[in-house]
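Thanks for coming, everyone. Please bring up the model, and let's walk through it together.

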Amino acid sequence: MEIGIIGLPFSGKTTLFSTLTGLNTGTTHTTGKIEVHRGMVKVPDLRLDRLTEIFKPKKQVNATIEYLEVGGVEKEAAKGKGFDPRFLAVLKNTDVLCHVVRAFEDEVFPHPEGSINTLRDVQIVETEFILSDLTIVENRISRLEKQIQKVKSDEDIRQLALLKKCRDFLEQERPLRDLEMSDDEKKQLRGFQFLSAKPLILVVNYSEADIVRETEMLASLAEYAGKPHVEVTGLCAKVEYEISQLADDDRQVFLEELGITEPALDKLIRKSYQILGLISFFTVGDDECRAWTIRRGTVAQAAAGEIHSDLERGFIRAEVVSFDRFIELGSLAKCREHGILRLEGKEYVVQDGDIITVRFNV
Ligand SMILES: Nc1nc2c(ncn2[C@@H]2O[C@H](COP(=O)(O)OP(=O)(O)O)[C@@H](O)[C@H]2O)c(=O)[nH]1
Ligand SMILES: [Mg+2]
């Protein structure tokens, strides 16, 4: 599961990536050599922090997600030339795209388009992805048509019809993530890794002075905010970087001065997690309190397998209580007493925030 950070030159991608991951990758605007940087990022979770306060374990383990930044191809990505194919190839393997859209003024690093216009920038990148997908679709259609002339297979005929539907959609300059498809159709297309089909996070990167005007700053992307598989969020990458460099105590003071309850970066990470279709369940104890990552819809036995394969193999049942009910009562003993700690079987669909103890036997 990885999230690709993309955007036009000087939009703040490297600043955001360094802030998220704590890795200093340096500027790679002009090398022309492709450089892929990856970094794991802790998913902030106030519920887990609360569990740690209660259980006082030796350690707390947050969920993590992976971000990726592709450097060195920004120059080619500038106006008119389209994206480098090597760049597109790297992005194909990502699960979500996170587009950093520039809304800050900076005379030293002028915007490649000469002005600030977030909707235009979103559409520039969207168009590149649509064109890239269209080329793939057209090539596949012509190959399938030849194939079908030789041998008529039901599977090929079905795929051809679906790809033609995609082609018509892309020709209207619409991204494939907007095309309504059945689960079966989605499965048929998965192998193509279409870029315009990937869930998208639009991160408007505004200047420090605009932090207090977030709503206005996001208004120009309102048409995207309402779409399925799209999240629109904002931050000032430069300030987020400064916040990340502060000691914990100073950070609290700084945030209060800015009138912020939570760093925008944390919000972005949580949105990334959600758009990936991921949820967390917790395990608690004196040793560690931990958030485990599963896809929404995962059943208890498979979720147990995330902890250890023995727990999946020898799964007997899970003792489950939701975070909210647990907090109401304050301890597992009380939950047990009140019959709120439920016993669930292997088919139970784990919910976000469940606190789970797996009973197993191997
Ligand atoms: N004023 C302002 N400058 C920023 C912000 N984010 C990045 N920058 C500056 O813009 C320049 C380009 O940023 P960088 O992260 O290298 O952009 P990239 O080309 O997309 O990787 C750097 O000088 C950053 O310090 C921001 O939120 N506000
Ligand atoms: Mg960069």
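First, a term: two strands pair if DSSP finds at least two bridges between them. Helices (H or I, at least four residues) and strands (E, at least two) are DSSP runs, numbered from the N terminus. This is a predicted model, where local features need pLDDT of at least 70, side-chain atom pairs count only at pLDDT 80 or more, and totals for chains, interfaces and linings use all residues. Residues are numbered from 1 along each chain as its sequence is written, chains are lettered from A and ligands numbered from 1 in the order in which they are written, and side-chain values use heavy atoms, leaving out hydrogens and water.

Start with strand S1, residues 2-6. It runs parallel to strand S5, residues 96-102, and 4 bridges join them. Take isoleucine 5: its bridge partner in S5 is cysteine 98.

Now the whole sheet. It is open, with 6 strands in the order S2-S4-S1-S5-S6-S7, and the pairing is mixed. Which strands are at the edges? Strand S2 (35-42) and strand S7 (230-235), each pairing on one side only.

On to helix H6, residues 154-171. Why does its length make sense? At 1.5 Å a residue (times one less than the number of residues), its 18 residues should span 26 Å, and the end C-alpha atoms are indeed 26 Å apart.

Several H6 residues are buried, meaning under 20% relative accessible area with a 1.4 Å probe, protein chains only. Among them are Asp156, Leu163 and Phe169. The buried residues of H6 pack against H5 and helix H7 (183-190), with contact meaning heavy atoms within 4.5 Å. Just after H6, glutamate 173 takes a positive phi of about 60°.

Key:
Buried means under 20% relative accessible area, exposed over 50%, partly exposed in between (1.4 Å probe, protein chains only).
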